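Reader: I would like to go through this model with you and ask, for each label, what value stands behind it. Please show the reasoning as well as the conclusion.

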Amino acid sequence: LWHRGMGGQFDPYLDSAEYKANADKAIKAYFQGNPVMLGLYKLFPDMFLEQCRQMSYYANLGLFWEVMAPVFFEMSDRYDEGTISSVPEAMNFLVNGIFAIAGRPIYHHVYIRGKCYEIIPKSKGFMWLYEAALPYVEAVFYRTAPFRGTKSYNAQARQVPEDQKDFHFGILYADVFPVGTAGIPPTLLMQDMLHFLPPYLVDYYSQHCRGEEDMLIQLGVSFQRSMYCVTSAVIQALRTALLYPLDDPNPKHLQANREFFEMQLNRFTRPEYNIRDAARLGSIQSQDYR
């Protein structure tokens, strides 16, 4: 729950009286027959409610990956089959896939002793694109939080922004060379991915890397480029859902599309903080960045 207030209706609902009432029913049912925990709940209701909010976000995250994991697996299979062989083809597949399931409901139901408790009912109308995908991009790709040891959490050091909206430690901003110049490289994730590299990537990195020691860095570069594609696909799917086709002949519609893309690019580059230069996107997106 570190990052909140990222748009949509899901997050504000967690502070509503309706959500608290639904959570109260589930908490009391879960601890039925346990007077100690019920007593603690009576003494510290906000602590239990915060745990319930966390579980609601876990449910949201699970529903997000329930969609995205099969999409990524299918992309991998299609690459192996040769039906996806370029970035535009991958982007087109992602945009169509995300748009197709954009309206999938986001909810939080729990079963306690065989009875379903609707902590966040489907009837609230929360949708996958707006309440899961967009907040995920905002929290993970843009904001995140600096790993311990990379930035000082001392307020006097002023290495961490005061406002969460100013956090820019995500993979989109990361300089994957771990020198701390921009963003935070996902070093732990890079280590995990290294253990599961498919043979064709092992061969590719063996040909283009400066030895095995450089493979982690190049894996981080590949992951970062992939996240650019995913972020672009989410933005394009949002444009498809809210605005007009890219080849729309109406000038007013094209202007609306342009304003939408400018807003998204400004969110990405944060011109007021000169993030465009700090992230060095020109270097990262170059094929010579090896």
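Reader: What phi does Arg 270 take, just after α10?

Author: In this predicted model, Arg 270 has a positive phi of about 45 degrees, and its place is just after α10. Most residues other than glycine have a negative phi.

Reader: How do you know that the span of α10 agrees with what is expected of its 19 residues?

Author: At 1.5 Å a residue, the 19 residues should span 27 Å, and since the end C-alpha atoms of α10 are 26 Å apart, the two values agree. At the N-terminal end, α10 is capped by Asn 250, which places a side-chain oxygen 2.9 Å from the backbone nitrogen of Lys 252.

Reader: Which residues of α10 are buried?

Author: The buried residues in α10 are Asn 257, Phe 260, Gln 264, Arg 267, Phe 268 and Thr 269, the criterion being a relative accessible area under 20%.

Reader: What describes the packing of α10 against α9?

Author: Two packed helices are described by the angle between their axes and the distance between the axes. For α9 (residues 215-242) and α10 (residues 251-269), the axes come within 11 Å and cross at roughly 145 degrees, and the crossing is right-handed. From α9, the residues Tyr 228, Ile 235, Gln 236, Leu 238 and Arg 239 meet Asn 257, Phe 260, Phe 261, Gln 264 and Phe 268 of α10. By class, the residues of this contact divide into 6 nonpolar, 3 polar and 1 charged.

Reader: Why is Ile 217 called buried?

Author: Ile 217, which is found in helix α9, has a relative accessibility of 12%, and because buried means under 20%, Ile 217 counts as buried. Its C-alpha atom is separated by 8.1 Å from that of Met 190, although the two residues are 27 apart along the chain.

Reader: How do you know whether Asn 22 is buried or exposed?

Author: The relative accessibility of Asn 22 is 14%, and as the limit for buried is under 20%, this residue of helix α2 (residues 17-30) counts as buried.

Reader: Which backbone oxygens does the side chain of Asn 22 reach?

Author: The side chain of Asn 22 reaches the backbone oxygen of Glu 118 at 3.5 Å, and a polar atom of that side chain lies 3.3 Å from the backbone oxygen of Ile 119. With neighbours within four places in sequence left aside, the contacts of Asn 22 are Tyr 13, Glu 118, Ile 119 and Pro 121.

Reader: What makes Tyr 107 partly exposed?

Author: Tyr 107 has a relative accessible area of 24%, and because partly exposed covers the range between 20% and 50%, the residue is given that label. Tyr 107 sits in the loop between α5 (87-100) and β1. In space, its C-alpha atom is 5.3 Å from that of Lys 122, while in sequence the two residues are 15 apart. Beyond neighbours within four places in sequence, Tyr 107 is in contact with Ala 59, Leu 63, Ile 120, Pro 121 and Lys 122.

Reader: Why is Arg 113 called exposed?

Author: At 56% relative accessibility, Arg 113 is over the 50% limit and therefore counts as exposed. Arg 113 is found in the loop between β1 (108-112) and β2 (115-120), and it has a positive phi of about 55 degrees although it is not a glycine.

Reader: How do you know that Arg 158 is exposed?

Author: Its relative accessible area is 67%, and since exposed means over 50%, Arg 158 is exposed. Arg 158 lies in the loop between α6 (128-143) and α7 (187-194); although not a glycine, Arg 158 has a positive phi of about 55 degrees.

Reader: What length does helix α4 reach, and what phi follows just after it?

Author: Helix α4 (residues 45-81) has 37 residues and reaches 54 Å from its first C-alpha to its last, close to the 54 Å expected at 1.5 Å a residue. Just after α4, Gly 82 takes a positive phi of about 90 degrees.

Reader: How many helices and strands does the protein have, and what share of its residues is buried?

Author: The protein has 12 helices and 2 strands, and of its 290 residues 38% are buried. Among contacts between residues at least 6 apart in sequence, 65% join residues at least 24 apart.

Conventions. Residues numbered from 1 in each chain as written. Predicted model: local features only at pLDDT ≥ 70, side-chain atom pairs only at ≥ 80, totals over all residues. Heavy atoms only, no water. Helix = DSSP H or I, 4+ residues; strand = E, 2+ residues; numbered from the N terminus. Expected span 1.5 Å × (residues − 1). Buried < 20%, exposed > 50% of the residue type's maximum accessible area, 1.4 Å probe, protein only. Polar contact = N/O pair within 3.5 Å; in protein donor to acceptor, adjacent residues only side chain to side chain. Contact = heavy atoms within 4.5 Å. Axes fitted to C-alpha atoms, helices over the stretch in contact; angles between N-to-C directions. Left-handed = near helix turned anticlockwise from the far one by under 90°. Nonpolar A, V, L, I, M, F, W, Y, C, P; charged D, E, K, R; others polar.
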